[in-house]
Protein chains: 2
Amino acid sequence: MIRTSRRLADGREILYFDAEPVARDAVDTRDLPPVATRSQLRFDALLGEWVAIASHRQTRTFLPPADECPLDPSRPGRPTEIPESGYQVVVFENRFPSLATGVDRDVPAEAPGNSLAELRPGFGRCEVVCFTDEHDRIFADLGPDRARLVVDVWADRTEALGAIEGIEYVFPFENHGEEIGVTLSHPHGQIYGYPYLPARAQKILASARAHRARTGGDLFADVVAAERSGPRVVTANEHWVAFVPAAARWPYELHLFPTRKVPDIPALTGEERDAFVSVYLDVLARFARRFDAPMPYIASWNQAPVHPGSDGRARDDWWLHLQLFSLLRAPGKMKYLAGSESGVGAFITDTNPEDVAEQLRAVVVE
Amino acid sequence: MIRTSRRLADGREILYFDAEPVARDAVDTRDLPPVATRSQLRFDALLGEWVAIASHRQTRTFLPPADECPLDPSRPGRPTEIPESGYQVVVFENRFPSLATGVDRDVPAEAPGNSLAELRPGFGRCEVVCFTDEHDRIFADLGPDRARLVVDVWADRTEALGAIEGIEYVFPFENHGEEIGVTLSHPHGQIYGYPYLPARAQKILASARAHRARTGGDLFADVVAAERSGPRVVTANEHWVAFVPAAARWPYELHLFPTRKVPDIPALTGEERDAFVSVYLDVLARFARRFDAPMPYIASWNQAPVHPGSDGRARDDWWLHLQLFSLLRAPGKMKYLAGSESGVGAFITDTNPEDVAEQLRAVVVE
């Protein structure tokens with residue numbers, strides 16, 4: 001993999017990732033104002049969680065017509081975010097970032113009038129990952145070579161963002177489908193670098209500690225061992241397994257685990273990355289063919305925190321996995337998070353995990 | 001308030017609440033099959049949370065035409081869920097409940113193949129609360145007398161559900177607006193009785209304990225004291241205050257707190273209930289008039305747990321409040337929970353809390 005770093009007209013970094021050497025010297029000819037990010041983080045004292053406030057994002061690009069896609073390669077007379085006339089995989093800093101390393105650091109120490117609501121600048125990093133320069137493809141039909149290149153890019157970015165002082169968690173993800181609010185249809189994902197541990201990682205690490213104190217066992221190892229040989233496996237190979245979790249909270253939900261305990265994507269061997277691609281393209285094809293139209297989905301990488309944490313075990317306790325889930329519960333029917341889920345955090349699902357596994361196994365993948 | 005208890009054709013309880021005595025003896029003439037509930041609760045060992053699986057709900061009523069509304073009063077030849085030809089406030093057990101006291105108790109102790117995924121019957125209670133027999137009204141225009149009757153009904157149901165052996169948390173809420181997945185447009189809310197503490201209540205109680213250990217102070221008291229005199233108050237009276245929380249996570253979010261620390265709705269005096277109605281109708285009117293069309297919203301009562309809990313302080317630590325929030329971030333633009341929120345639990349919002357407070361204060365309420 002060849003990585004070429006360039007700058008966009010407003011100073012943002014753009015990285016071209018190519019399977020073989022290609023000259024990447026096109027210049028961004030646009031007249032762009034500098035990116036000004038005034039995000040804040042505020043501490044919710046009741047829930048004990050940080051919330052990012054990014055009010056400058058209200059004006060971001062929203063479902064542009066296909067011929068104005070900012071993620072297409074540039075053509076004469078129509079410059080986009082990517083100056084080159086073609087590309088394989090490209091990463092660049094989001095023009096409307098929720099979190100940025102160059103954020104305005106001059107913020108008060110607390111929210112106006114409430115000393116319990118600690119305030120920090122919205123430091124972090126938000127990157128866009130374009131999976132292909134072809135506007136009308138989806139990840140499911142990228143093919144194994146390109147998908148493997150994307151995995152290598154995720155690994156590269158996990159290491160690069162984790163090396164930035166102050167970043168605590170690196171999160172590659174893909175939101176797919178207009179039904180879940182995706183504002184650009186070009187096949188792309190995102191990578192967030194947070195300056196704190198998101199709530200899910202915090203809760204899971206607390207569960208792992210409690211499980212070890214109670215049983216002496218390794219929570220992730222015990223879960224993976226049970227699910228690998230259980231009735232909810234959808235597909236598997238030597239290095240990866242994809243199963244519907246026993247207590248799935250989304251209508252269609254799969255967890256993809258490597259069979260070896262590793263903390264994050266960079267720790268995967270080349271063979272394990274290829275094996276992931278094989279399982280992932282398989283399950284994406286099942287998601288695309290379960291109903292007449294491809295399901296919208298969220299693909300969410302659960303990596304170990306960047307640092308070992310206060311007990312020194314956060315990285316050792318973690319087991320890398322990908323959560324792949326759809327809010328579609330039936331054709332044309334979305335699961336909405338309403339009072340029970342969004343209000344008090346009690347998930348209620350309409351689908352039975354064993355049935356979902358059976359349905360996904362039954363999809364014919366050619 | 002007069003409460004009349006009757007039974008529907010399938011044995012479910014229906015309760016009429018009237019401000020003055022009215023005969024409520026209409027009989028449900030429908031030929032309904034008995035309600036069979038096979039919900040399960042499964043324990044998510046990674047997150048340490050219970051998830052309810054209610055697969056029988058896939059076939060529930062979905063956006064029926066207005067002339068087939070099951071929450072309208074019955075008319076000759078068109079029997080509905082409410083046998084009477086008119087009503088004030090009515091409560092009945094949901095015909096498609098996620099949780100039920102009569103649930104099938106014969107379930108295995110764990111999910112198939114995973115002993116870490118403890119399994120329990122979906123015991124609990126799901127009630128529907130109809131606020132009026134007029135199909136086309138919304139809560140914002142119920143008027144103070146009817147709204148006060150609803151508050152008294154919430155208090156009645158909180159006590160009644162809390163008295164059921166095994167119920168740990170009572171949650172009255174309203175999902176309002178088709179945009180958030182409401183399947184029946186008739187003005188109604190719901191009340192859930194959970195057999196466990198939902199995640200939000202657990203986290204807040206943990207924060208209250210940690211705050212007391214660290215500062216000796218009362219977390220809720222400190223938050224309310226700061227916000228009551230702060231810049232995010234939208235409206236208030238002697239007994240209630242409505243403010244945008246400092247770390248709001250939804251585009252439009254208000255917290256309504258009584259100025260006296262009480263654990264739950266039954267603990268409110270009559271005067272405090274009237275004062276709540278005054279503030280609540282005021283803020284609902286602001287939500288209805290902020291944009292051209294009324295905003296969809298979720299109104300979510302945060303009550304103390306039914307029982308004092310393992311440290312005996314859960315009820316004393318709590319301060320009743322109502323969370324009122326909308327996912328609309330601008331006309332026609334909904335906030336979607338995507339990778340950051342639904343994946344790793346890191347909320348990012350596009351609206352600034354002080355700006356939202358200013359916008360809501362500026363709405364003219366006649």
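Q: Which residue stands opposite A:I53 in strand 18 of chain B?
A: In this predicted model, the residue opposite A:I53 is B:T349.

Q: How many bridges hold strand 4 of chain A and strand 18 of chain B, and is the pairing parallel or antiparallel?
A: Three bridges link them, and the pairing is parallel. Strand 4 of chain A covers residues 49–53, and strand 18 of chain B covers residues 347–349.

Q: What sheet includes those two strands?
A: They belong to an open sheet of five strands with the order 6(A)-7(A)-3(A)-4(A)-18(B), in which the pairing is mixed. Its edge strands are strand 6 (110–111) of chain A and strand 18 of chain B, each of which pairs on one side only.

Q: How does strand 6 of chain A connect to strand 7 of chain A?
A: Two bridges join them, and the two strands run antiparallel. Strand 7 of chain A spans residues 114–121. Within that strand, A:N114 is the bridge partner of A:A111.

Q: Which sheet has strand 18 of chain A in it?
A: Strand 18 of chain A belongs to an open sheet of five strands, ordered 18(A)-4(B)-3(B)-7(B)-6(B), with mixed pairing.

Q: Why is one side of strand 18 of chain A left without a neighbour in that sheet?
A: Strand 18 (348–349) of chain A stands at an edge with a single partner strand, so one of its sides has no neighbour in the sheet. The same holds for strand 6 (110–111) of chain B at an edge.

Q: And what joins strand 6 of chain B to strand 7 of chain B?
A: Two bridges do, with the strands running antiparallel; strand 7 of chain B comprises residues 114–121. There, B:A111 has B:N114 as its bridge partner.

Q: Moving to the interface, how many residues of each chain are in contact?
A: There are 79 residues of chain B in contact with 79 residues of chain A. The two chains bury about 7000 Å² between them, and 58% of that lies on carbon and sulfur atoms.

Q: How many salt bridges cross the interface of chain B and chain A?
A: Eight salt bridges are found there. One salt bridge between the chains joins A:E354 to B:R42, with the closest N and O atoms 2.8 Å apart. On the side of chain B that touches chain A, 43 residues are nonpolar, 20 are polar and 16 are charged.

Q: How many residue pairs are in polar contact across the interface?
A: The count is 30 residue pairs, with both residues at pLDDT 80 or more.

Q: How many salt bridges does the structure hold over all chains?
A: The total is 70. Among them is the salt bridge between A:D152 and A:R148, at 3.0 Å from N to O.

Q: Why are A:D152 and A:R148 separated by about one helical turn?
A: They are four residues apart in helix 1 (residues 144–162) of chain A, which means a separation of about one helical turn.

Q: Lastly, what are the confidence scores?
A: The model scores ipTM 0.95 and pTM 0.95. For chain A, the mean pLDDT is 94, and 98% of the residues reach 70 or more.

Key: Residues numbered from 1 in each chain as written. Chains lettered and ligands numbered in written order. Predicted model: local features only at pLDDT ≥ 70, side-chain atom pairs only at ≥ 80, totals over all residues. Heavy atoms only, no water. Contact = heavy atoms within 4.5 Å. Buried area = accessible area lost by both parts, 1.4 Å probe. Salt bridge = Lys/Arg side-chain N within 4 Å of Asp/Glu carboxyl O. Polar contact = N/O pair within 3.5 Å; in protein donor to acceptor, adjacent residues only side chain to side chain. Nonpolar A, V, L, I, M, F, W, Y, C, P; charged D, E, K, R; others polar. Pairing = 2+ DSSP bridges. pLDDT = per-residue confidence, 0-100.
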